[in-house]
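Hi,

Here is the structure I said I would pass on. Have a look first, and my notes follow underneath.

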Amino acid sequence: MATAVRLRPRLRIRERLSRFSSIRIGGAVEAVVSLSSSEVFGDVLDMYHRGEIPGPLAFVGRGSNILFPDAGLGGTLVRFEHGDGGAGCRWLSDGQVEVDAGLSLPALARDAARRGVAGFEFFSGIPGTVGGAAVMNAGAGSGQWSDLCESVLVATGGGGHEILLPQDLKYGYRTSALLENRDRISHASEKNLPLTRAVVLSARLRGERGDPAECLARLASHLDYRRSTQPLDEPSLGSVFRNPSGGPPGYSAGRLIEESGMKGRSTGGVMVSPRHANFFVNTGGGKASEFLELMATVADAVQRTWGVILEPEVRVWNA
Ligand SMILES: Cc1cc2nc3c(=O)[nH]c(=O)nc-3n(C[C@H](O)[C@H](O)[C@H](O)COP(=O)(O)OP(=O)(O)OC[C@H]3O[C@@H](n4cnc5c(N)ncnc54)[C@H](O)[C@@H]3O)c2cc1C
C-alpha cells in the first residue's frame, strides 16, 4: 500500500493494555509496536529476530472487540493503526479499493461515500480497522465485510505473503477462517516462524457506483440511528453476545437481555448499558474479571428466562 512517508514501527516498553482497547480494560504488556502502514510489517519481524521485542506476538487493530486480561500479557502487542487521513486507501477502477490493515472503517466509509462508491456506509459506525473487520466479518444492518471483500493479503510464516479469496476465508455471521487461528501466536518451538497465516496486511474490496449525495445521506442516517440507540460516548466493546439463531423469532441478543431484566445491572465498574442491553460499558475502573462475571450473570438470566444459550461475540484474551 503506497504511503507518502515510510514511518518505522513505534516501540513502547511496558504499557497498559487498557490504552489499546475501546473499553479501557487490561493490565500491563511487555511491549507494544504500532505500525502506521503494513508496508513496514517486515520491520517488526526483523525487530523480533534481532531480539528487540519479546514473543509471542499478538496482532490487533483498534482493540474494539477485545477484552484484555487484568493480569496483562507477556510478549508484544503489534497494532495496525492509521490516522483518519487518506493514507492506507488506494482507489482502483470501478469502485475497487485496496485498503491497508490499519485503516479505520469510518474513514473508509466517508472516503467511499464522498467518491460516490456505495455499499461501505455501514462501516461508518464500526470503530475498528480493516484488519479487525476482515477477521471478524464485521457488519451492521444490511451489510457485512464479506459482501465487499474480493481478497485479503496475509503474512505467512518465514516472511512470505499469500492472497486469500472469499472461498478460503469461509465467512459467516461475525466469523471467518482467520478467526479460527489463535489470537496470540506463539513462537515457542518454531525456529523461524513467529507467524501463522492469520496476520492481515491489506485487502481488496469492491463497492457499487452510486451518487455521492445519496451515499453521504445513507451514512449520516446510519450514524444517527446508532447515536440514538447505542452508548457511543462510553467505553465499550460493542455487542457482547452474538445474536442467537434460536429463541423467539426476531429477538436479538439485546432484546433477550433486556426482557430478562438485565438492563442497568452492574458488576463493579462494568454495567449492562441502560441504552443498549447487548453493550457493557466501563463506568470507571472496570476490570476484565467483572466483565466476565457480568457476562455469566446475563447469559444465565437469558437461559433461565428464554432457554437460549448466548455465545460471546467479543474476543476474550487470557493472560
Ligand atoms: C461502540 C462499538 C460499536 C460496534 N459496532 C459493531 C457493529 O455494528 N458490527 C460489528 O461487526 N462490530 C462492531 N463492533 C466491534 C468491533 O468494532 C468490530 O469487531 C471490528 O471489526 C474490530 O476491529 P478492530 O480493529 O478493533 O479489531 P480488534 O478488536 O483489535 O481485533 C479483533 C480480532 O481481530 C484480530 N485482528 C485485528 N487486526 C488484525 C490483523 N491485522 N491481522 C490479524 N488479526 C487481526 C485480533 O487479534 C482479534 O482477534 C463495535 C464496537 C464498538 C466499541
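**Starting from Leu-77**

I'd begin with Leu-77, which sits in strand β5 (residues 73–80). Keep in mind throughout that this is a predicted model. Leu-77 is buried, with just 1% relative accessible area. Setting aside its neighbours within four places in sequence, Leu-77 is in contact with Leu-17, Phe-20, Val-29, Ala-31, Val-32, Val-33, Ala-58, Val-60, Phe-68 and Trp-317. For a sense of distance, take Arg-304, which is 227 residues from Leu-77 along the chain: the two C-alpha atoms are separated by 39 Å.

**How far to trust it**

The mean pLDDT of the protein is 90, and 90% of the residues reach 70 or more. The stretch to watch is residues 183–197, where pLDDT is below 50. In the model that stretch still has 50 contacts beyond near neighbours in sequence. Where pLDDT is low, the predicted coordinates should not be read in detail.

**The five-stranded sheet**

There is an open sheet of five strands, in the order β6-β7-β14-β11-β12, with antiparallel pairing. At the edges are β6 (89–91) and β12 (161–164), each of which pairs on one side only. From one strand to the next, the twist averages 20°. Within the sheet, β11 (residues 149–155) and β14 (residues 199–206) run antiparallel and are joined by six bridges. If you want one pair to find on screen, Val-152 has Ala-203 as its bridge partner in β14. Helix α2 (residues 105–115) packs on this sheet, where it touches β6, β7 (96–100) and β14. The direction of α2 makes about 20° with that of β6.

**Salt bridges**

Side chains of opposite charge can pair when their charged atoms come close. How many salt bridges does the structure hold? The count is 15. These are the ones I looked at:

- Glu-52 and Arg-50 meet through their side chains at 2.6 Å, N to O. Glu-52 is partly exposed, at 38% relative accessible area.
- Arg-242 and Glu-311 also form a salt bridge, at 3.8 Å from N to O. Arg-242 lies in the loop between β16 (236–239) and α8 (253–258), and Glu-311 in the loop between α9 (288–306) and β20 (315–316), so this pair ties together parts that are 69 residues apart in sequence. Glu-311 is partly exposed, with a relative accessible area of 47%.
- Glu-258 bridges to Lys-263, with the closest N and O atoms 3.4 Å apart. Both ends count as partly exposed: Glu-258 has 39% relative accessibility, and Lys-263 has 31%.
- Arg-90, Glu-98 and Arg-204 are linked in a network of salt bridges.

**Cysteines**

Why does Cys-149 have no disulfide bond? Its sulfur is 15 Å from the closest cysteine sulfur, in Cys-89, and that is too far for a bond. Cys-215 is in a similar position: the closest cysteine sulfur is again in Cys-89, here 14 Å away, which is too far for a bond. The structure holds zero disulfides. As for burial, Cys-149 has 8% relative accessible area and is buried, and Cys-215 is buried too, at 0%.

**Backbone oddities**

A few places are worth a stop when you go through the backbone. The peptide bond from Gly-55 to Pro-56 is cis, with omega near -5°. Pro-56 belongs to the loop between α1 (41–49) and β3 (57–60).

Then there are residues with positive phi that are not glycines. Arg-24 has a phi of about 60°, and its place is in the loop between β1 (10–16) and β2 (28–35). Is Arg-24 buried, partly exposed or exposed? Arg-24 counts as partly exposed, at 47% relative accessibility. Lys-170 has a phi of about 50° and lies in the loop between α5 (166–169) and α6 (177–180). Lys-170 is exposed, with a relative accessible area of 56%.

That's what I have for now. Shout if anything looks off on your side.

Cheers

Conventions: Residues are numbered from 1 along each chain as its sequence is written. This is a predicted model: local features need pLDDT of at least 70, side-chain atom pairs count only at pLDDT 80 or more; totals for chains, interfaces and linings use all residues. Side-chain values use heavy atoms; hydrogens and water are left out. A salt bridge is a side-chain nitrogen of Lys or Arg within 4 Å of a carboxyl oxygen of Asp or Glu. Buried means under 20% relative accessible area, exposed over 50%, partly exposed in between (1.4 Å probe, protein chains only). Helices (H or I, at least four residues) and strands (E, at least two) are DSSP runs, numbered from the N terminus. A disulfide is a pair of cysteine sulfur atoms within 2.5 Å. Two strands pair if DSSP finds at least two bridges between them. Axes are lines fitted to C-alpha atoms, for helices over the stretch in contact, and angles run from 0 to 180 degrees between N-to-C directions. Contact means heavy atoms within 4.5 Å. pLDDT is the predictor's confidence in each residue, from 0 to 100.
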